[in-house]
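Here is a short set of exercises to work through with the structure open beside you. Try each task before you read its solution.

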Amino acid sequence: KHALLFELAAEACKEPYFGLRLGAQLDVRQAGLLGYVALSSPTFGQALQNVARYHRVLTEGFQLSLEFDQHHAVLAAIPADRSAMVGRQAVEFGTSALVRMCRDLTAQKLRPLWVQFVLPLPRAKARYAAVLNAPVYFEQPQIAVVFSKEVLAVPVKRADHRLLRILETPTENVRANSAANSSSTAATAS
């Protein structure tokens with residue numbers, strides 16, 4: 001439903017980069033509970049782990065996974081329903097909002113090593129690199145934002161471990177309720 005709303009807004013505004021631009025303007029606190037959990041995390045790496053773990057309090061349209069190899073941390077977004085057509089605007093919004101959130105969390109200007117989309121190559125690829133401040137690849141097997149593992153230890157500015165402990169319980173409750181609702185909806189549909 002949200003994906004369609006983004007597509008309609010882009011069409012009404014005659015702005016083909018609506019989602020990309022809107023996400024890049026989003027303040028991390030506008031993500032509500034999830035934003036505050038990230039802001040309260042002690043390090044950038046723990047903030048990414050918390051975003052991957054608790055993102056369902058914000059949206060059920062995607063599953064997030066955070067995986068590591070020897071040199072990289074890869075935050076990948078997988079549509080919850082792979083058969084559903086996900087609109088370009090919603091994907092671009094979510095990705096640019098995530099990149100903006102990463103910049104807001106630390107006093108350093110963190111940037112991804114690269115960003116990848118499953119979307120077809122757009123006409124103005126350079127616009128994406130400028131907004132995301134990273135190389136961008138299209139027609140990839142997954143939507144992902146890739147960071148160097150070295151930046152995971154960067155402290156979150158003004159992190160508050162006490163607030164994080166307070167927020168984790170309601171966030172976990174919302175996540176559990178969301179998962180339970182998704183399971184009962186799937187069982188009803190079958």
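Two residues are in contact when heavy atoms of theirs lie within 4.5 Å. Keep in mind throughout that this is a predicted model.

**Exercise 1. The overall picture**

Task: Describe the make-up of the protein, and find what share of its contacts between residues at least 6 apart in sequence join residues at least 24 apart.

Solution: Begin with the secondary structure, which comes to 7 helices and 5 strands. Reading from the N terminus, the order of elements is α-α-α-α-β-β-α-β-α-β-β-α. Next, turn to the contacts: of those between residues at least 6 apart, 67% link residues at least 24 apart in sequence. Then look at burial and surface. The protein has 190 residues, and 42% of them count as buried. Its accessible surface is about 10,600 Å², with 56% belonging to carbon and sulfur atoms.

**Exercise 2. Helix H2 against helix H5**

Task: Work out how H2 and H5 are oriented: roughly parallel or roughly antiparallel?

Solution: Locate H2 at residues 18-25 and H5 at residues 88-105. Their axes come within 7 Å and cross at roughly 25°. Angles under 35 degrees count as roughly parallel, and H2 and H5 are therefore roughly parallel to each other. The crossing of H2 over H5 is right-handed. On the H2 side, the contact is formed by Phe 18, Gly 19, Leu 20, Leu 22, Gly 23, Ala 24 and Gln 25, while H5 supplies Gln 89, Glu 92, Phe 93, Ser 96, Ala 97 and Arg 100. Sorted by class, this H2 and H5 contact holds 6 nonpolar, 5 polar and 2 charged residues.

**Exercise 3. Helix H4 against helix H5**

Task: Which classes of residue make up the contact of H4 with H5?

Solution: First place the helices: H4 spans residues 44-54, and it packs on H5 at an angle of about 145°, with the axes 10 Å apart. The crossing of H4 and H5 is right-handed. Now list the partners: Phe 44, Ala 47, Leu 48 and Val 51 of H4 meet Leu 98, Met 101, Cys 102 and Leu 105 of H5. The class count for H4 with H5 is then 8 nonpolar, no polar and no charged residues.

**Exercise 4. One residue of H5**

Task: Decide whether Thr 95 is buried or exposed, and name its contacts beyond four places in sequence.

Solution: Thr 95 sits in helix H5. Buried means under 20% relative accessible area; Thr 95 has 5%, so it counts as buried. Setting aside neighbours within four places, Thr 95 touches Val 115, Phe 117, Leu 132, Ile 143 and Val 145.

**Exercise 5. Positive phi in two loops**

Task: Where do Asn 133 and Glu 139 lie, and how accessible are Asn 133 and Glu 139?

Solution: Take Asn 133, a non-glycine residue with a positive phi of about 55°. Asn 133 belongs to the loop between helix H6 (125-132) and strand E4 (136-137). Its relative accessibility is 37%, so Asn 133 counts as partly exposed. Glu 139 also is not a glycine, and its phi is positive, near 60°. Glu 139 lies in the loop between E4 and strand E5 (143-148). With a relative accessible area of 56%, Glu 139 is exposed.

Note on methods. Residues are numbered from 1 along each chain as its sequence is written. This is a predicted model: local features need pLDDT of at least 70, side-chain atom pairs count only at pLDDT 80 or more; totals for chains, interfaces and linings use all residues. Side-chain values use heavy atoms; hydrogens and water are left out. Axes are lines fitted to C-alpha atoms, for helices over the stretch in contact, and angles run from 0 to 180 degrees between N-to-C directions. Helices (H or I, at least four residues) and strands (E, at least two) are DSSP runs, numbered from the N terminus. Angles under 35 degrees count as roughly parallel, over 145 as roughly antiparallel, 65 to 115 as roughly perpendicular and the rest as oblique. A crossing is left-handed if the near helix is turned anticlockwise from the far one by less than a right angle, and right-handed if clockwise. Ala, Val, Leu, Ile, Met, Phe, Trp, Tyr, Cys and Pro count as nonpolar, Asp, Glu, Lys and Arg as charged, and the others, Gly among them, as polar. Buried means under 20% relative accessible area, exposed over 50%, partly exposed in between (1.4 Å probe, protein chains only). Accessible areas come from the Shrake-Rupley method with a 1.4 Å probe; for residues, only the protein chains shown count as cover.
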